[in-house]
Amino acid sequence: MFIATPKKQPISLALLWKVGTFWNYTYPQETIMNAPAKKKKIQRQSRYPETTPEVDRIVREIIGRLADKWTMLILENLEEYGRARFTVLSQRIGDVSQKMLTKTLRQMESDGLVKRTVFPVVPPRVEYELTELGEGLTAAFCGVWIWAEANHDKIEAARVAFQKVKQENTSGL
């Protein structure tokens, strides 16, 4: 849309719609702003050196595999108690299914985090223990654990405040 100014120079305006969601209610929010003639490319500034797309892909894949619930619980358990059999791990972790525990342990073994030892007895006995690489990941995870312990009260306060705002907004509709 073009609007004529007193100097007869057209100004380009853009009408943008932003959709916001709150619970199950979706509302349009109209925003009128001047459209820039040319978009300026914003350069991302990072404190980390630039990497290649291949390295980024590999790092994302590794983080995706390692940052799941069961991997972290297995790491914590093996760090705290040391070498353990499959059934003992299952009992200590709790509500993990046999299929999920098997899958997670196999992934951890293929990534070099866990060493699987099979003893040639009848019935076969299998034990799992952390490798040096797994111990290093556990040390890194320990920082997150310490942060969570130090900030749990702030997180709980934020959750309570969020619930209050949510209840106020739903009662006003």
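**Group meeting: a three-stranded sheet and its middle strand**

Let's start in the sheet: T117 stands opposite E127, which sits in β6. Before I go on, remember that this is a predicted model.

So where does that pair belong? We have an open sheet of three strands, and the order goes β4-β6-β5, with antiparallel pairing. The strands at the edges are β4, residues 84–85, and β5, residues 114–119, and each of them pairs on one side only.

Let me take the two pairings in turn. Between β5 and β6 there are six bridges, and the two strands run antiparallel. They also make a hairpin, with five residues between them. On the other side, β4 is joined by two bridges to β6, which covers residues 125–130, and that pair is antiparallel as well. One of the residues involved there is R85, and its bridge partner in β6 is E127.

You'll notice E127 has come up again. This residue is in strand β6, it stands opposite T117, and it is the bridge partner of R85. So, is E127 buried or exposed? Buried: its relative accessibility is 13%, and the cut-off for calling a residue buried is under 20%.

What does E127 touch, once we set aside its neighbours within four places in sequence? The list is R83, A84, R85, K115, R116, T117 and F119. With R83 there is something more specific, since the side chains of E127 and R83 are joined by a polar contact of 3.2 Å.

Okay, over to the helices. T102 is in helix α4, residues 98–110. Its relative accessibility is 23%, so we call T102 partly exposed. If you're looking for a pair to find on screen, try T102 and F86: in sequence they are 16 residues apart, and from C-alpha to C-alpha the distance is 8.4 Å.

Last stop, helix α1, which spans residues 53–66 and includes V55. Which residues make the nonpolar surface patch? They are V55, V59 and I63, and the patch comes to about 240 Å². V55 itself is partly exposed, with 40% relative accessible area. Why can a partly exposed residue like V55 count towards a patch? Because patch residues need over 30% relative accessible area, and V55 has 40%.

If you take one residue away from this, make it E127, buried in β6 at 13% relative accessibility, with R83 held in that 3.2 Å side-chain polar contact. That's me done, over to you.

Note on methods. Residues numbered from 1 in each chain as written. Predicted model: local features only at pLDDT ≥ 70, side-chain atom pairs only at ≥ 80, totals over all residues. Heavy atoms only, no water. Patch = residues over 30% accessible without salt bridge, like charges linked within 9 Å, V, L, I, M, F, W, Y side chains within 5 Å. Areas by Shrake-Rupley, 256 points an atom, 1.4 Å probe, with all protein chains shown as cover. Salt bridge = Lys/Arg side-chain N within 4 Å of Asp/Glu carboxyl O. Helix = DSSP H or I, 4+ residues; strand = E, 2+ residues; numbered from the N terminus. Buried < 20%, exposed > 50% of the residue type's maximum accessible area, 1.4 Å probe, protein only. Pairing = 2+ DSSP bridges. Polar contact = N/O pair within 3.5 Å; in protein donor to acceptor, adjacent residues only side chain to side chain. Contact = heavy atoms within 4.5 Å.
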